[in-house]
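Please open the structure in a viewer and keep the selection tool at hand. The tour below proceeds by selections, each followed by a description of what is found there.

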Amino acid sequence: MSPPLLNVNSIEVIYNHVILVLKGVSLQIPEGRIVALLGGNGAGKTTTLRAISNLLEGERGEVTKGTIELRGERIEKLTPAAMVERGVIQVMEGRHCFAHLTIEENLMTGAYTRRDGKASVAQTLEKVYAYFPRLKTRRGSQAAYTSGGEQQMCAIGRALMANPKMVLLDEPSMGLAPQIVEEVFEIVKDLNAKEGTTFLLAEQNTNMALRYADYGYIMESGRIVMDGEAKALRENEDVKEFYLGVGGGDRKSFKDVKSYKRRKRWLA
Ligand SMILES: Nc1ncnc2c1ncn2[C@@H]1O[C@H](COP(=O)(O)OP(=O)(O)O)[C@@H](O)[C@H]1O
Ligand SMILES: [Mg+2]
């Protein structure tokens, strides 16, 4: 069997030399799949994504233990630009479009690492517009005056301009109406199916993410507490109770639940 596209092996991340945030996180991301990284606010999702795309340094964070491999190559010490060259790109939480630039100018900033000439960049732009017809309509509008959904699409579209193999999407649903979230996720699914782009999708919106992902990892306090095929997670009683808001009870800690420990053996 071929190794996964991305292999995160027991990483520990520390901020400011003292704040231990990730306590041995392992993930495997096979090529061409959509993998969801789930968990509440502060669980460590963004930190995991930053560790993969090497964006920790600017946050005074550091991978202090473990390894991250892309197709078998160790990548923990690479720069974010070197990751983009290898086809791995992160779409940051909160969308981050350049407010004063137009949608098209924003998209074009995503092509800065391309060395394959104007014609193929123009081709990619047309492809992005084909996936995101809304962006085409709004191509001349300043990003500041577009909707939250359009800005999220613009942020994803900009990442696509680099021709990535793998996109790390940080909470694309945040602050968007359910209908718009669905529209964004449908496009992600489409890109995955037609272009073979691999996605790692960090989400608090468990319900939505598990409808579109193939596989999911659930994080709590810097650890993975459960993982499995998306379908199995959707049907798991504890996941339903804690993350899908089905069934009663307070949302305590997932890992305190005895039945979780018992079931984990079954799922393993
Ligand atoms: N730059 C930083 N410096 C110090 N602590 C941080 C920094 N960024 C995040 N943290 C802490 O790391 C923990 C995990 O945060 P984060 O990875 O953003 O979680 P999530 O994305 O799941 O909400 C939180 O307790 C947060 O306060
Ligand atoms: Mg986050």
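Select leucine 6 and leucine 70: in this predicted model, leucine 6 stands opposite leucine 70 of strand β4. Extend the selection to the two strands concerned, β1 (residues 6-15) and β4 (residues 61-70), which run antiparallel and are joined by eight bridges.

Keep leucine 70 selected and add glutamate 73, its bridge partner in β5. Strand β5 (residues 73-74) runs antiparallel to β4, with two bridges between them. These two strands form a hairpin with two residues between them. In the turn, select arginine 71, which has a positive phi of about 45°.

Next, go to the other end of β1 and select tyrosine 15 together with isoleucine 19, its bridge partner in β2. Eight bridges join β1 to β2, and this pair too is antiparallel.

Now display the four strands together. They form an open sheet in the order β2-β1-β4-β5, with antiparallel pairing. Which strands stand at the edges? They are β2 (19-29) and β5; each has a single partner strand, so one side of each is left without a neighbour in the sheet. Strands of a sheet pair through backbone hydrogen bonds, either parallel or antiparallel.

Turn on a surface or pocket display and centre on Asn54, Leu55, Leu56, Glu57 and Gly58. The largest pocket has a volume of about 460 Å³; of the 21 residues that line it, these five are the closest to its centre. Helix α1 (45-53) and strand β4 each supply at least two residues of the lining. By class, the lining of this largest pocket has seven nonpolar, six polar and eight charged residues.

Move to the second largest pocket, with a volume of about 390 Å³. Of its 21 lining residues, Val84, Ile89, Gln90, Met92 and Tyr112 are the closest to the centre. The elements giving two or more residues to this lining are α2 (80-85), β6 (88-91) and α6. Its lining comprises 14 nonpolar, five polar and two charged residues.

Helix α6 is the next selection. The 13 residues of α6 should span 18 Å at 1.5 Å a residue, and its end C-alpha atoms are 18 Å apart, which agrees. Of these 13 residues, 11 are buried, so the helix is largely enclosed by the rest of the structure. Among the buried residues are Gly149, Met153, Cys154, Ile156, Arg158 and Leu160. The elements covering them include β6, α3, α4, α5, β7 (166-170) and α7.

Within α6 (residues 148-160), select glutamine 152. Is this residue buried or exposed? Glutamine 152 counts as buried, because its relative accessibility is 1%, whereas the cut-off for burial is under 20%. Leaving aside neighbours within four places in sequence, glutamine 152 is in contact with Val91, Arg95, Glu171, Pro172, Leu176 and Val184.

Finally, select helix α4 (residues 118-131). At 1.5 Å a residue, its 14 residues should span 20 Å, in agreement with end C-alpha atoms that are 20 Å apart. Colour Ser120, Val121, Thr124, Leu125, Val128, Tyr129 and Tyr131, which are buried in α4. What covers them includes α3 (103-109), α5 (133-137), α6 and α7 (178-195).

Definitions and conventions:
Residues numbered from 1 in each chain as written. Chains lettered and ligands numbered in written order. Predicted model: local features only at pLDDT ≥ 70, side-chain atom pairs only at ≥ 80, totals over all residues. Heavy atoms only, no water. Pairing = 2+ DSSP bridges. Buried < 20%, exposed > 50% of the residue type's maximum accessible area, 1.4 Å probe, protein only. Contact = heavy atoms within 4.5 Å. 1 Å grid on protein atoms, 1.4 Å probe; cavity = no way out; pocket = protein on both sides within 12 Å on 5 of 7 lines; lining within 4 Å. Points joined across faces, edges and corners; volume = space filled by probe spheres on them. Nonpolar A, V, L, I, M, F, W, Y, C, P; charged D, E, K, R; others polar. Expected span 1.5 Å × (residues − 1).
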